[in-house]
Amino acid sequence: MNIARFITARRNSKGWHWTDIAAYAYLLLGVILMFGPVLWLVLSSFKTQASLLEFPPSLLPMSQKEVTVPGYPQPLPLFTVIMEDGTKRELAQVRRVGIQAQMIDPANPSQQVRVPIDKRVPVRQFSLATENYTEPLERFAFPQFLANSVFVTVVATLITLLINSMAAYALSIYEFKGKSAAMLMVIGTLMIPITIILVPVYLVVTKLGLVNSLWAVILPGAATPTGVFLLRQYMLTLPRDLIEAARMDKASEWQIYWRIVMPLTLPALAVLTIFSIMWRWNEFLWPLAVLTKTESYTLQIGLNAFQGELQTQWQYLLAMTVMTLTPVAIVFVFLQRFITTGIANTGMK
């Protein structure tokens with residue numbers, strides 16, 4: 001009832017005002033722009049390769065209907081044929097020779113009919129190509145890619161939360177010389193793109209012998225300036241009297257950090273968790289540089305295997321893309337209630 005009342009809310013109870021119509025039209029346009037591509041992606045992931053290449057394209061996954069005819073080992077495609085007298089019949093195609101097609105009636109397969117190809121229309125039906133999801137899991141190493149991505153995302157997120165929160169704690173709670181300069185340097189690193197530091201970081205990883213190891217993906221980006229800034233801004237809002245009271249009660253700095261500051265910073269930590277999961281799960285360039293063995297690939301690198309020089313297996317690529325988006329969407333659904341609170345108290349725009 002509350003949802004229905006919210007959807008049908010109007011300016012007043014007497015009738016519809018033009019502003020109500022304009023507002024709902026604007027919201028509908030926003031919903032289409034945001035969720036339309038996602039809906040198209042999900043529906044296209046259930047289409048066959050032939051259906052994806054059709055023009056004009058169809059929204060729903062449709063395929064040509066086939067019938068089993070006695071005397072023919074394979075199912076035959078079914079067409080609606082316009083006969084010479086103007087009547088329509090459903091005939092199965094045996095073969096096509098040039099601009100003529102040899103057709104038979106499934107109910108009477110003994111008699112063949114020659115039909116011009118422009119006089120026939122395929123009989124289509126709704127069909128889900130579920131093999132787009134099952135075949136990559138059976139034929140390719142996608143379960144291994146999934147396990148690698150989960151390991152990298154979970155471990156990297158935990159390390160990022162720990163390191164960034166400790167750095168933010170020092171930059172927000174402690175007072176020392178050079179504090180502002182240190183924070184300025186942290187923020188300044190936001191302007192350095194990864195392409196500039198790609199080669200130096202790769203050389204360091206090579207010297208450490210971490211190439212083709214998942215730790216090569218996890219460790220270089222463990223500390224993020226965005227996370228430090230976000231957590232520091234939130235920690236600045238914490239009451240200093242609470243921290244001073246804990247120190248007077250002989251609490252160590254680790255106890256203050258772990259048992260007082262961290263619980264109070266949960267909304268900001270939830271926001272950083274969402275960001276970190278999205279960064280790690282969707283990361284492509286750096287894993288592509290340091291992972292060359294198939295058994296070490298993450299999902300994003302594995303998706304690249306479906307793109308060849310001459311042909312791209314779009315049906316598998318779309319299906320596996322949906323699978324890679326699902327975990328991030330689930331995490332966002334469970335943690336999205338912290339986003340508003342966390343960002344509002346950090347001063348981020």
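1. The second largest pocket of this structure, which is a predicted model, has a volume of about 370 Å³. Its lining is made by M34, F35, V38, L41, V42, M278, V322, L325, V328, A329, F332 and V333, and when these residues are divided by class they come out as 12 nonpolar, no polar and no charged. Helices α2 (18–44) and α15 (314–335) each supply at least two residues of this lining, and α15 gives the most, with 6 residues.

2. The largest pocket holds about 750 Å³ of space. A reader who wishes to find this pocket in the model may start from I194, I197, P220, G221 and T224, which lie nearest its centre among the 20 residues that line it. Three helices, α7 (194–207), α9 (225–235) and α12, each supply at least two residues of the lining, with the largest share, 4 residues, coming from α7. By class, the lining of the largest pocket has 14 nonpolar, 4 polar and 2 charged residues, whereas the residues that line the second largest pocket divide into 12 nonpolar, no polar and no charged.

3. Two of the helices just named in the lining of the largest pocket, α9 and α12, also pack against one another, at an angle of about 170° and with their axes 9 Å apart. Because an angle over 145 degrees counts as roughly antiparallel, α9 is roughly antiparallel to α12. On the side of α9 the contact is made by T226, G227, L230, L231 and Y234, and on the side of α12 by P267, A268, L269, V271, L272, F275 and W279. Sorted by class, this contact of α9 with α12 has 10 nonpolar, 2 polar and no charged residues.

4. Helix α12 also meets α11, and here the axes come within 5 Å and cross at roughly 70°. That angle makes α11 roughly perpendicular to α12, in contrast to α9, which is roughly antiparallel to α12. The residues that meet are M262, P263 and L264 in α11 and L266, P267 and L269 in α12, and they divide into 6 nonpolar, no polar and no charged. P267 and L269 of α12 take part in this meeting with α11, and P267 and L269 are also among the α12 residues in the contact with α9.

5. Helix α11 (residues 253–264) has a further partner in helix α10 (residues 240–248), with which it packs at an angle of about 150°, the axes being 10 Å apart. This angle makes α10 roughly antiparallel to α11, and the crossing in which α10 passes α11 is right-handed. The contact is made by L242, I243, A246 and R247 of α10 together with E253, I256, I260, V261 and L264 of α11. Its residues divide into 7 nonpolar, no polar and 2 charged, and L264, listed here on the side of α11, is also one of the α11 residues that meet α12.

6. What is the backbone like at K250, which is found in the loop between α10 and α11? K250 has a positive phi of about 70°, although it is not a glycine. A second place to look at is N212, in the loop between α7 and α8 (215–218), where phi is near 65°, again a positive value in a residue other than glycine. Most residues other than glycine have a negative phi.

7. How many cavities of 30 Å³ or more does the structure hold? There is 1 of that volume or more, and about 40 Å³ of space lies in the largest cavity. The residues that line the largest cavity are S149, V152, V217, R280, W281, E283, P287 and T298, which by class are 4 nonpolar, 2 polar and 2 charged residues. Helices α5 (142–173) and α12 (266–282) each supply at least two residues of this lining.

8. Read together, these points return several times to α12, which supplies at least two residues to the lining of the largest pocket and at least two to the lining of the largest cavity. The same helix packs with α9 at an angle of about 170°, and its axis crosses that of α11 at roughly 70°. A reader new to the structure may therefore take α12, roughly antiparallel to α9 and with α11 roughly perpendicular to it, as a point from which to follow the description above.

Key: Residues are numbered from 1 along each chain as its sequence is written. This is a predicted model: local features need pLDDT of at least 70, side-chain atom pairs count only at pLDDT 80 or more; totals for chains, interfaces and linings use all residues. Side-chain values use heavy atoms; hydrogens and water are left out. On a 1 Å grid over the protein atoms alone, a cavity is a set of points where a 1.4 Å probe fits but cannot get out, and a pocket is an open set with protein on both sides within 12 Å along at least five of seven lines; lining residues have an atom within 4 Å of a point. Grid points are joined across faces, edges and corners, and a volume is the space filled by probe spheres set on the points. Ala, Val, Leu, Ile, Met, Phe, Trp, Tyr, Cys and Pro count as nonpolar, Asp, Glu, Lys and Arg as charged, and the others, Gly among them, as polar. Axes are lines fitted to C-alpha atoms, for helices over the stretch in contact, and angles run from 0 to 180 degrees between N-to-C directions. Angles under 35 degrees count as roughly parallel, over 145 as roughly antiparallel, 65 to 115 as roughly perpendicular and the rest as oblique. A crossing is left-handed if the near helix is turned anticlockwise from the far one by less than a right angle, and right-handed if clockwise. Contact means heavy atoms within 4.5 Å.
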